[in-house]
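Open your viewer and get ready to click through a protein one stop at a time. At each stop, you will select something and look at what is there.

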Amino acid sequence: GQTINVDGVQATIQELACKGSAARSGIVSESTQVIFRSRSTRIIWLVQISSEMWDYDPDGDLYYEKFLATFVGPLLDRWHALAVSHSLSVVFFSRTLFVGDGAGASAQGAVEGDWSDTQKSNSSNNVHRRSSDGVYYQDFFKVVVENVLEIDKTQIIKTLKQEFWEFPRLLKWQLGKAAPSNASSGNMLEAINTTLNLLDKHHMDRDLVRTGNSIVMLSASSA
């Protein structure tokens, strides 16, 4: 609980441990390991909206509901308990596969929020690409939460639910024409690259309130 200032960086001692057990005090030596965790990180969640998100887990819950109940909710509760001041952005990304008549259909990639032009160009708007097995596909990215500082758990979860159910309509998924790919066939690397394009210029017009950048990839499949 002690607050210290080291070279202009203010920090709070959260926990002390010795040989795996909690301690109230100790001596700093050459073998002391210091673990730094930022309380003001710029965090970006990349959430893959793949076909598995509509699958049911053994308990009968959709994997998207599981994402909200076992990841989002508990994590935001922990942030609140620790009184952190993170900046949170959430990006939904998906790859649409076109079959039959849908291969010639026009679909609109969605990119919202004040992100760079580089990211917008990576949305593959109105561009159908063809995979090695002859399937036409199109990648989509949508910023559903952007640089939120005052994180309200109820509002965040409400927004994520609304955006999830709106996503199929926005991408014009139709049975027999266009559908989301599974996780292993998705655009994970493209999503990471899109985010890196933003962080690559983090040193320009730097936000001095933040002390780090973090990218978290979330998928309903381990494939």
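Is V9 buried, partly exposed or exposed? Select V9, in strand β2 (residues 9-12), and turn on the surface. V9 has a relative accessible area of 45%, and buried would need under 20% while exposed would need over 50%, so V9 counts as partly exposed. Now add T211: V9 and T211 are 202 residues apart along the chain, yet their C-alpha atoms are separated by 9.8 Å.

**The whole protein**

Zoom out and show the cartoon. Keep in mind that this is a predicted model. You should find four helices and ten strands, and following the chain gives the pattern β-β-β-β-β-α-β-α-β-β-α-β-α-β. Of the 223 residues, 33% are buried.

**Helix α4**

Next, select residues 188-199, which make up helix α4. Its twelve residues reach 17 Å from the first C-alpha to the last, close to the 16 Å expected. Colour A191, T194, T195, L198 and L199, the buried residues of α4. Look down the helix axis: these buried residues fall within an arc of 140°, so they line one face of the helix.

Now select L189, I192, L196 and I215. Together they form a nonpolar patch on the surface, with about 340 Å² of accessible area. Helix α4 gives the most to this patch, with three residues. One residue to click is L196, in α4, which is partly exposed at 42% relative accessibility.

**Salt bridges**

Side chains of opposite charge can pair when their charged atoms come close. How many salt bridges does a search of the whole structure find? There are five, and you can visit some of them.

- Select E190 and R95, whose closest N and O atoms are 3.4 Å apart. This pair links E190 in helix α4 with R95 in strand β6 (residues 87-98), 95 residues apart. E190 is partly exposed, whereas R95 is buried. Add D139 to see a network of salt bridges linking R95, D139 and E190.
- Select K142 and E163, which meet at 2.7 Å, N to O. K142 lies in strand β8 (residues 136-148) and E163 in helix α3 (residues 153-170), so the pair ties together parts 21 residues apart in sequence. Both K142 and E163 are buried.
- Select E166 and R169, with 2.2 Å from N to O. Both lie in helix α3, three residues apart, about one turn of the helix. E166 is partly exposed at 30% relative accessibility, while R169 is exposed at 57%.

Methods
Residues are numbered from 1 along each chain as its sequence is written. This is a predicted model: local features need pLDDT of at least 70, side-chain atom pairs count only at pLDDT 80 or more; totals for chains, interfaces and linings use all residues. Side-chain values use heavy atoms; hydrogens and water are left out. Helices (H or I, at least four residues) and strands (E, at least two) are DSSP runs, numbered from the N terminus. Buried means under 20% relative accessible area, exposed over 50%, partly exposed in between (1.4 Å probe, protein chains only). The expected span of a helix is 1.5 Å times one less than its number of residues. The arc is that of the directions from the helix axis to the C-beta atoms. Patches are made of residues with over 30% relative accessible area and no salt bridge: like charges are joined within 9 Å, nonpolar side chains (Val, Leu, Ile, Met, Phe, Trp, Tyr) within 5 Å. Accessible areas come from the Shrake-Rupley method with a 1.4 Å probe; for residues, only the protein chains shown count as cover. A salt bridge is a side-chain nitrogen of Lys or Arg within 4 Å of a carboxyl oxygen of Asp or Glu.
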